[in-house]
Amino acid sequence: MAMEMATADPEGIDGVRMTWNVWPRTKVEASKCVIPIAASISPIRPHSAIPTLPYAPLRCKTCFAALNPFCRVDFTAKIWICPFCFQRNHFPPQYSAITESNAPAELFPQYTTIQYLLPRSVNPSDPSHNHPPPPVYVFVLDTCIIEEEMGFVKSALKRAIGLLPDNALVGFVSFGTQVHVHELGFSEMSKVFIFRGSKEITKEQVLEQLGLGIGGGRRVGPASSTTPGYPKGAAMQNGFPRASIDRFLLPASECEYTLNSLLDELQTDQWPVAPGNRALRCTGAALSVAAGLLGACLPGTGARIIALVGGPCTEGPGTIVSKYLSEPARSHKDLDKDAAPYFQKAVKFYDGLSKQLGSQGHVLDLFASALDQVGVAEMKVAVERTGGLVVLAESFGHAVFKDSFKRLFDGEQSLGLCFNGTLEINCSKDIKIQGILGPCTSLEKKGSAVADVVIGQGNTTSWRLCSLDKNTCLTVYFDVSSSERSNPPGTVNPQLYLQFLTSYQNPEGQSLLRVTTVSRRWVDSVVGSEELVQGFDQETAAVVVARLCSHKMELEEGFDATRWLDRNLIRLCSKFGDYRKDDPSSFTLNPSFSLFPQFMFNLRRSQFVQVFNNSPDETAYFRMLLNRESISNAAVMIQPSLISYSFDSPPSPALLDVASVSADRILLLDSYFSVVIFHGMKIAQWRNMGYQNDPQHQLFAQLLQAPQDDAHIIIQERFPVPRLVVCDQHGSQARFLLAKLNPSATYNNATEMATGSDVIFTDDVSLQVFFEHLQKLAVQS
């Protein structure tokens, strides 16, 4: 099985997938490609073949690229030539023994990705030299929830605190109409600092109120005498006395009892709520206070604010809706018509919070559990730019919340959360970076490789990743800048090079640097280039287009997504299809492109483009996950996978079509956010009659169990944990499956369908009709 997985791994050792694996050399040729030139990178994806070296890499003295297998090396003169800027660099004395047969690992051709373990501190007198700073978790809990929900969230929190490493520092903030910062270091009785929820609170005010702002917020002692982090041997920490921090952030082993008793006593918010009103909830102010507390205590240390929110913010900064129930929360229609009075102001507030957290290197995770919207659409900017995790569920008692929250701390299946990352990109001359879509924030580091057009986090060659895990994926959009005349003939290098350098701190506190260097070929002309066509990755292209389309829908007013996708698809098919002008029946597509139209058909119908039936919160949630997940996971979000189970054949992939529905089949649909087990009519009847309990019908019992087992495997490997829906044909929940299927049988042509199958009541076009129209438009002269 492991061998199969290894061969089926399209990302390989580098964790890089590109839309085009052969690049057009000029801007004009690149525009003929239709699909943007982009790379999807998984910066710290684990791979057994990546070696870790116990020293820092050699860097080019001009462009700071790291030594890599594509460098030209003169072993006699001990010189290496950087493939990016052609600078000649001398090897330092410790490399004096190198020869062609005795090269360092970073020059081995198979190690295009390599990891360096960086020394922790250059200052041996630094007391934190041997102690990596522990991770910090500040839990921010909403108390404006009903008693039953409070019970669920308390038990989840207690379990989480028990799973934390003993040295992890823990803080606790609760909020309702006001913000309560709990002093965990004062165990004799519960001591709380209260902040008003109705006004914005600056970091300085938070420090002042909590008694951390010495002498009016001034730091004492030279700032350079200490290194950020905790624990410390010295009496001072970051200019604050140790004791003052110990009051609010304590090691989990020391405060577990205090926290558990505090949670036992914690009540739902006691502020009176008038009839016809929502509870006054000051989510924005609470997150401000938590960010201020973290910024005061631990700059430069991996810290997470874990927000557990049970309803919309109605008070103070970040308000998304008024307190009157007669006024509903904003919908997509309101946002389109500029009829959401609180939206822009709340986004601006969270944008400011994201900058504060980003500069501190801290993360905001959001666990939202409510039937109503809570403001994920507004908070998206702060969660995404700090690399935070987001989970949207209906209740704190729902498996989606409980299992996802547990996964955050569970050592066995944990996500491998890393902190304090930065990503740098080096590229060959003539390649410019437009920007990145995904969980990162621009460090505004200008350079010659910065493109004029910006997509997402741009205007830089360096990004901050406050948090990253083994599944984190980023999409980098490139531009080719050269014009025809920039290179005299005969001097042209046929290869281009890209280097991704990711430095980060792992859960054990070690500082690591991963260097991935990849090379691809240039091609001079796009039209008729067999090499270009063979190098097209349709799955990556579909995901890159989906991410760009979602980004444009958020950014550009009046953007018609369906029309934009259709026009790009028609252009691609007329560029790369084989056909006779004006003869649709002659149209054929090269196998390298043949799946792409189907991806576009499903993308047009997906929740990323058709937002009609979703709230702005749900749409923001879907888009955040689309932007941060691997290509294969994102492809499942766009085009779900369907597996069929029947007596006649082993489990096998089925067409994502209503024709796959049959009375004597079970279908398993994986659409990433939900996993659906769908029983055909006959199977459901037999199950209701209890045949599976009869020893004579063991085969039937096995047939019922097989999709359950497969669904369990999918759910175990995924974060956030997907929703499991078990339903029967013609049941109310069958809609979870039918909505994703190609409507080849609708109420218009129901006479043609097979017995035991199903119809979909829709006016949507089917895949076949979509193809016919595409062929007709692609061959038009």
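Me: What share of the 781 residues in the protein is buried?
Reply: Buried residues make up 55% of the 781 in this predicted model. The protein holds 22 helices and 32 strands.

Me: What makes a residue count as buried rather than exposed, say for Asp430?
Reply: The cut-off for buried is under 20% relative accessible area. Asp430 has 14% relative accessibility, so Asp430 counts as buried.

Me: And why is Asn613 called exposed?
Reply: Exposed means over 50% relative accessible area. Asn613 reaches 66%, so Asn613 is exposed. You will find Asn613 in the loop between H16 and helix H17 (616–628). The C-alpha atoms of Asn613 and His332 are 9.5 Å apart, although their positions lie 281 residues apart along the chain.

Me: Let's turn to the helices. How do you know that H14 is roughly parallel to H16?
Reply: The axes of H14 (residues 538–555) and H16 (residues 596–605) cross at roughly 30 degrees and come within 9 Å. Angles under 35 degrees count as roughly parallel, so H14 is roughly parallel to H16. Their crossing is right-handed.

Me: Which residues of H14 and H16 meet there?
Reply: From H14 come Gln538, Glu539, Ala541, Ala542, Val545 and Ala546, and from H16 come Phe596, Phe599, Met600 and Leu603. This contact divides into 8 nonpolar residues, 1 polar and 1 charged.

Me: What makes one of those residues polar and one charged?
Reply: Glu is classed as charged, and Gln falls among the polar residues because it is in neither the nonpolar nor the charged list. Gln538 and Glu539 are both part of the H14 side of this contact.

Me: At what angle does H14 cross H15, and which residues meet?
Reply: The axes of H14 and H15 (residues 561–576) cross at roughly 145 degrees and come within 10 Å. This crossing is right-handed. Val545, Leu548, Cys549, Lys552 and Met553 in H14 meet Ala561, Trp564 and Leu565 in H15. The residues of this contact are 7 nonpolar, no polar and 1 charged.

Me: Which residues have the most contacts inside the largest nonpolar core?
Reply: Those are Phe478, Leu498, Phe500 and Phe596, in a core of 131 residues. Helix H8 (residues 283–297) gives the largest share of this core, 9 residues. Another core lies apart from it and has 37 residues, among them Leu250, Leu308, Phe367 and Phe409. As background, nonpolar side chains tend to be buried together in soluble globular proteins.

Me: What is Phe596 in contact with, leaving aside its neighbours within four places in sequence?
Reply: Phe596 is in contact with Ile35, Phe536, Gln538, Ala541, Ala542, Val545, Leu569 and Leu572.

Me: What is there to note about the backbone at Asp430 and Glu444?
Reply: Asp430 has a positive phi of about 80 degrees although it is not a glycine. Glu444, also not a glycine, has a positive phi of about 55 degrees. Most residues other than glycine have a negative phi. Asp430 sits in the loop between strand E19 (418–427) and strand E20 (431–437), while Glu444 is in the loop between strand E21 (441–442) and strand E22 (462–468).

Me: Which residues does a cis peptide bond join?
Reply: Phe719 and Pro720, with omega at about -5 degrees. Pro720 lies in the loop between helix H20 (698–716) and strand E32 (723–728).

Key
Residues are numbered from 1 along each chain as its sequence is written. This is a predicted model: local features need pLDDT of at least 70, side-chain atom pairs count only at pLDDT 80 or more; totals for chains, interfaces and linings use all residues. Side-chain values use heavy atoms; hydrogens and water are left out. Axes are lines fitted to C-alpha atoms, for helices over the stretch in contact, and angles run from 0 to 180 degrees between N-to-C directions. Helices (H or I, at least four residues) and strands (E, at least two) are DSSP runs, numbered from the N terminus. Angles under 35 degrees count as roughly parallel, over 145 as roughly antiparallel, 65 to 115 as roughly perpendicular and the rest as oblique. A crossing is left-handed if the near helix is turned anticlockwise from the far one by less than a right angle, and right-handed if clockwise. Contact means heavy atoms within 4.5 Å. A nonpolar core is a set of buried Ala, Val, Leu, Ile, Met, Phe, Trp, Tyr and Cys residues joined through side-chain atoms within 4.5 Å. Buried means under 20% relative accessible area, exposed over 50%, partly exposed in between (1.4 Å probe, protein chains only).
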